[in-house]
Amino acid sequence: MLMQRKNNCMLKKKIVVIVLLQLFLSCLLSCQYLPLTNARQLVAKQADGSLNFLVVGDWGRKGHYNQSKVAYQMGRIGKDLDVEFIISTGDNFYDDGLTGVADTNFSKSFSQIYTAKSLQKPWYAVLGNHDYRGDVLAQLSPVLKKIDKRWHCERSFTLKYNLSGLPSASASDVGGSAVELFFVDTPPFVNKYWEKPNEHHYDWRGVTPRKKYISHQLQKLDNALRTSNATWKIVIGHHPIRSVGHQGDTRELIQQILPILEQYKVDLYINGHDHCLEHIKSLTSSIQYLTSGGGSKSWRGIDKKANMDGLVKYYDGQGFLSLEISGTHLHATFYDVQGNAIHKLDLSKSAHNF
């Protein structure tokens, strides 16, 4: 009888430990937005120290709506440029994100689609509104990285690539010759996703209380940009700040994020959400707005009430974006579904700028 009581006691302790471990892991996943200011220090691998990468958004449709065709062209351009990584601007899995880490949509929309050798590089992804309509913690889970080692999805984080060809620890010794990428979690900023009743369910685990979460995001972004000595500052989020497409400008980002980007002279803001390729030039700052949301379903057109100020290029179709960056030059190219270069942007900075 005494032995049975001891066994029961041991079993209860094991159950408590397992429950506490599960709660701890859940907390870690729900708090992945914390390290925005702790930039991962990396070195561009090109012989001249330049950095090349691709950007695609709004793609996860199991190859349909020309997703597979866009993926093929990405593989071709990725090989030509010898890209180091790929950025996803969100809405990674349609229509309602993933149901869990075992959801086959992950493989059918990602692993089995982007199969080119040149695309077997890290994929840095942010979350879109469609991703929040599923099990959001599944996309953030390290389990997916075990399924496909390319997958890196977090709420917000920072990457810093040294362009000198020297060890990253020497980045500050070469006048800040670097590219710094700031990834921001934009869906929680958008008011309509929080309205009740709502036609969709959103998984806000790790985001509530909303006001505190948004305040933390803004503070971390401000701190990260303020302390950055990078030559090129690029911010990535799912929602556009400026767009003439069907979704249009995002008022909440204009009010809360744009002032920070302008204050610290950000060079590019890159987004998805509108299913198009788009370039808008700010008329009041140095910011260039680039939309790369043509990873699959497209053809929604320009909004009739759109603010057309600063519009340089709008392409209502599928495609993606490439960037080639050196210490003094930035070259961006939009490609359509046939792999044709349909628009280019060139920016330059002289040595005294950094």
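The following exchange explains how several descriptions of this structure are justified.

Me: What kind of model is this, and how are its residues numbered?
Reply: This is a predicted model, in which local features need pLDDT of at least 70, side-chain atom pairs count only at pLDDT 80 or more, and totals for chains, interfaces and linings use all residues. Residues are numbered from 1 along each chain as its sequence is written, and side-chain values use heavy atoms, with hydrogens and water left out.

Me: What makes β2 and β3 paired strands?
Reply: Strands are DSSP runs of E with at least two residues, helices are DSSP runs of H or I with at least four residues, and both are numbered from the N terminus. Two strands pair if DSSP finds at least two bridges between them. Strand β2 (residues 51–56) and strand β3 (residues 85–88) have four bridges, in the parallel sense, so they satisfy the definition of pairing. One of these positions is F53, whose bridge partner in β3 is F85.

Me: Why do β5 and β15 count as edges of the sheet?
Reply: The open sheet has seven strands in the order β5-β4-β3-β2-β13-β14-β15, with mixed pairing. β5 (151–153) and β15 (341–348) each have a single partner strand, so one side of each lacks a neighbour in the sheet. From one strand to the next, the twist averages 20°; the axes behind such angles are lines fitted to C-alpha atoms, for helices over the stretch in contact, and angles run from 0 to 180 degrees between N-to-C directions.

Me: How do you know that helix α2 packs on the sheet?
Reply: Contact means heavy atoms within 4.5 Å. Helix α2 (residues 67–81) touches β2, β3, β4 (123–125), β13 (319–325) and β14 (329–336), and its direction makes about 15° with that of β13.

Me: What is the pairing between β14 and β15?
Reply: β14 and β15 pair in the antiparallel sense over seven bridges, and L330 stands opposite L347 in β15. The two strands form a hairpin with four residues between them, and G339 in the turn has a positive phi of about 85°.

Me: Why is H331 called buried?
Reply: Buried means under 20% relative accessible area, exposed means over 50%, and partly exposed lies in between (1.4 Å probe, protein chains only). The relative accessible area of H331 is 19%, so H331 is buried. This residue lies in strand β14.

Me: What makes the link between H331 and D346 a polar contact?
Reply: A polar contact is a pair of N or O atoms within 3.5 Å; within protein, one must be able to donate a hydrogen and the other to accept it, and residues adjacent in sequence count only if both atoms are side-chain atoms. The side chains of H331 and D346 make such a contact at 2.6 Å. The side chain of H331 makes another with the side chain of T333, at 3.1 Å.

Me: What is meant by a nonpolar core, and which residues have the most contacts inside the largest one?
Reply: A nonpolar core is a set of buried Ala, Val, Leu, Ile, Met, Phe, Trp, Tyr and Cys residues joined through side-chain atoms within 4.5 Å. The largest has 37 residues, and those with the most contacts inside it are L54, M74, F110, Y114, Y132, W151 and F320. Its largest share, five residues, comes from α2. Another core, of 30 residues, lies apart from it and includes A44, V179, W232 and L330.

Me: How many disulfides does a search of the whole structure find?
Reply: A disulfide is a pair of cysteine sulfur atoms within 2.5 Å, and the search finds zero. Among the residues counted as buried are C153, at 5% relative accessibility, and C276, at 1%.

Me: Why is K265 called exposed?
Reply: K265 has 59% relative accessibility, so it counts as exposed. K265 is found in the loop between α8 (258–263) and β9 (268–271) and has a positive phi of about 55° although it is not a glycine.

Me: What makes W299 exposed, and where does W299 lie?
Reply: The relative accessible area of W299 is 53%, so W299 is exposed. W299 lies in the loop between β11 (288–292) and β12 (311–315).
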